[in-house]
Amino acid sequence: MKDCLFCRILRGEIPARKIYEDGEILAFHDVNPQAPVHFLLIPKKHIPSLMELSAEDASLMGRLLFKAQELAIQEGCGEMGARFVFNCRAHGGQTVDHLHLHVLGGRFLSWPPG
Ligand code: AMP
Ligand code: ZN
């Protein structure tokens, strides 16, 4: 997608602090971290949000979740845990319309969200 911010990161047009990359997935640090650990995982396929997932994306999303677990452990959240969040559309507070999984950790996170 031409003007999608995360597609632009995927094309190297905008810099990002990458944590992990393979043929299907990119993980990078959030530019405005809300916790000591805050990174994002995105599929390289442009999927606007969780609401647009289809059955053919099932294995991709399974891989993305397992990679999130692996990277959360790598980033030091293995013992104390982390929060894994998909913001979706307007009520979910989504600001970038390319599906992404937030991983936040390194401090206690309250619940419920405001
Ligand atoms: P959301 O509000 O769930 O759509 O999350 C979008 C996230 O992308 C926010 O946490 C932003 O801080 C983050 N973000 C926006 N631009 C960049 C960027 N250039 N590099 C890394 N993270 C970004
Ligand atoms: Zn995109």
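Here are a few questions and answers about this predicted model.

Q: Why is Arg-89 called partly exposed?
A: Let's compare the value with the cut-offs. Arg-89 has a relative accessible area of 44%. Buried means under 20% and exposed means over 50%, with partly exposed in between. The value of 44% falls in between, so Arg-89 is called partly exposed.

Q: What is said about the phi of Arg-89, and where does this residue lie?
A: Arg-89 has a positive phi of about 55°, although it is not a glycine. You will find Arg-89 in helix α3, which covers residues 89–92.

Q: What makes β2 and β3 a pair?
A: Two strands pair if there are at least two bridges between them. Strand β2 (residues 25–29) and strand β3 (residues 37–43) have five bridges, so they count as a pair, in the antiparallel sense. To see one of the partnerships, look at Leu-26, whose bridge partner in β3 is Ile-42.

Q: Why do β1 and β4 stand at the edges of the sheet?
A: Start with the strand order, which is β1-β2-β3-β5-β4 in an open, antiparallel sheet of five strands. Both β1 (18–21) and β4 (82–85) have a single partner strand each, so one side of each is left without a neighbour in the sheet. On average, neighbouring strands of this sheet are turned by 15° against each other, direction ignored.

Q: Which strands does helix α2 lie across?
A: Helix α2 (residues 58–74) lies across β1, β2, β3, β4 and β5. Relative to β3, helix α2 runs at about 160°.

Q: What is the omega of the cis peptide bond from Trp-111 to Pro-112?
A: That cis bond has an omega near 5°. Pro-112 itself lies in the segment after β5 (101–105).

Definitions and conventions: Residues numbered from 1 in each chain as written. Chains lettered and ligands numbered in written order. Predicted model: local features only at pLDDT ≥ 70, side-chain atom pairs only at ≥ 80, totals over all residues. Heavy atoms only, no water. Helix = DSSP H or I, 4+ residues; strand = E, 2+ residues; numbered from the N terminus. Buried < 20%, exposed > 50% of the residue type's maximum accessible area, 1.4 Å probe, protein only. Axes fitted to C-alpha atoms, helices over the stretch in contact; angles between N-to-C directions. Contact = heavy atoms within 4.5 Å.
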